[in-house]
Amino acid sequence: MKRGLLFILIMAVVAPAALSQTAKKRYNGWTLGLHGEHMLFHGDIRQYNWWPAKGERANFGGGLTVGYQINHVFGVNLNLLYGTLGGIHRTEIGEAAGPKADVKFDATIIDYTVNGTINLVNLIFSDRTKDRWFSAYLTGGVGFVSFWSLKSDLYSDAFEGSTGYTNAGTEKKEPTTETVLPVGLGLKFKLAKKLHLNLESTFRFTASEKLDATKGETGINDHYSTLGLGLTYTFGKNEESKEWVNPFEALNKNMEDIQANIDGLAQDGDGDGVSDLFDKEEATPA
């Protein structure tokens with residue numbers, strides 16, 4: 001009973017100060033990142049869903065990300081991505097001729113989105129107090145993708161159709177722009193205090209069937225996925241960044257100190273009901 005009352009008294013005095021100290025501490029929040037992406041199209045002109053067909057070129061992109069960590073769990077960023085997409089489709093035995101028979105397409109895209117991030121480590125493992133060298137996060141957002149797409153015969157390169165071109169695909173015009181919704185999962189590794197390595201996989205769903213300049217028969221909109229590797233630098237004069245610091249760390253440390261003080265104050269060597277800290281007669285009978 002006495003031990004419980006002592007704990008409540010100390011908490012009433014010390015805990016508000018600990019929380020205030022945690023709240024007032026300043027952390028870095030702004031980041032700038034560069035990333036490269038391997039890009040894969042998912043739509044009508046595609047032989048296989050998850051790997052390239054024979055003779056299909058690989059597609060890559062690169063971009064820039066400016067981010068701000070709102071608190072220890074949530075962040076927001078602006079992302080710009082420039083890259084290429086493409087695919088081929090060969091007619092298989094028994095397959096009927098149609099708009100995607102023995103054709104290929106190549107597209108150039110500019111993708112610009114606003115994204116939110118959720119730091120899974122700080123959200124789930126809130127009781128961890130050790131320094132971390134990696135973090136995991138979810139990301140999702142909304143934006144636009146502008147693209148120029150050219151479809152041609154797989155064997156003769158004859159013009160079949162286009163989006164964002166005129167004169168049978170010989171001249172570029174204004175790109176087609178559609179809504180895009182990116183959803184992804186990422187890992188971040190701490191290389192130095194302010195320098196981090198990112199690995200992120202994202203699916204980007206569009207509100208269009210025009211990415212491959214082909215309107216398919218399924219009615220399913222085109223989408224594409226990216227697997228990227230990048231470097232992120234954190235700006236600021238403060239020692240630590242919000243995303244690498246768990247908000248419960250300082251409070252947990254103060255709780256440990258409080259518990260140690262309580263243990264010390266509660267010691268009663270002679271069992272007379274008076275703490276050793278205040279006991280003037282250490283040999284009083286229990």
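I began with the surface of this predicted model, and I noted that the chain exposes about 16200 Å², of which carbon and sulfur atoms supply 62%. I then looked up burial, and found that buried residues make up 40% of the 286 residues in the chain.

Next I went through the secondary structure, where I counted 3 helices and 11 strands. Read from the N terminus on, I wrote the order of elements as α-β-β-β-β-α-β-β-β-β-β-β-β-α. For the contacts with a separation of 6 or more, I noted that residues 24 or more positions apart account for 70%.

I turned to the nonpolar interior. The largest nonpolar core has 14 residues, and I listed Met39, Leu85, Ile109, Val145, Leu211 and Tyr224 as those with the most contacts inside it. I checked which strands feed this core, and found that S1, S3 (74–89), S4 and S5 (134–153) each supply at least two residues, while S4 gives the most, with 4 residues. I set beside this the general remark that in soluble globular proteins nonpolar side chains tend to be buried together.

I took Leu85 as one member of that core to follow further. Leaving aside neighbours within four places in sequence, I found Leu85 in contact with Met39, Leu40, Phe41, Arg57, Asn59, Phe105, Asp106, Ala107, Ile109, Leu211 and Tyr224. Two names in that list, Arg57 and Asp106, sent me to the salt bridges.

By the rule used here I have 7 salt bridges in the count, and I looked at three pairs in detail.

The side chains of Asp106 and Arg57 meet in a salt bridge at 3.4 Å, N to O. I placed Asp106 in strand S4 (residues 103–119) and Arg57 in the loop between strand S1 (30–42) and strand S2 (59–69), so that the pair links distant parts of the chain, 49 residues apart. I noted Asp106 as partly exposed, with a relative accessible area of 32%, and Arg57 as partly exposed too, with 44%.

For the second pair, I found that the side chains of Lys210 and Glu178 meet in a salt bridge at 3.9 Å, N to O. Lys210 sits in the loop between strand S10 (195–206) and strand S11 (223–234), Glu178 in strand S9 (residues 176–190), and I recorded the two as 32 residues apart. Lys210 counts as partly exposed at 43% relative accessibility, whereas Glu178 is buried, with a relative accessible area of 17%.

For the third pair, I noted a salt bridge between the side chains of Lys188 and Glu243 at 3.2 Å, N to O. Lys188 lies in strand S9 and Glu243 in the loop between S11 and helix H3 (248–266), so the pair ties together parts that are 55 residues apart in sequence. I checked burial at both ends: Lys188 counts as buried at 9% relative accessibility, and Glu243 is buried, with a relative accessible area of 8%.

Last I looked up His35, which is found in strand S1. I noted that His35 counts as buried because its relative accessible area of 15% is under 20%. The side chain of His35 makes a polar contact with the side chain of Thr65, at 3.4 Å. Leaving aside neighbours within four places in sequence, I listed the contacts of His35 as Gly61, Gly62, Gly63, Leu64, Thr65, Asn79, Leu80, Leu81, Leu229 and Gly230.

Terms used: Residues are numbered from 1 along each chain as its sequence is written. This is a predicted model: local features need pLDDT of at least 70, side-chain atom pairs count only at pLDDT 80 or more; totals for chains, interfaces and linings use all residues. Side-chain values use heavy atoms; hydrogens and water are left out. Buried means under 20% relative accessible area, exposed over 50%, partly exposed in between (1.4 Å probe, protein chains only). Contact means heavy atoms within 4.5 Å. Accessible areas come from the Shrake-Rupley method with a 1.4 Å probe; for residues, only the protein chains shown count as cover. A salt bridge is a side-chain nitrogen of Lys or Arg within 4 Å of a carboxyl oxygen of Asp or Glu. A nonpolar core is a set of buried Ala, Val, Leu, Ile, Met, Phe, Trp, Tyr and Cys residues joined through side-chain atoms within 4.5 Å. A polar contact is a pair of N or O atoms within 3.5 Å; within protein, one must be able to donate a hydrogen and the other to accept it, and residues adjacent in sequence count only if both atoms are side-chain atoms.
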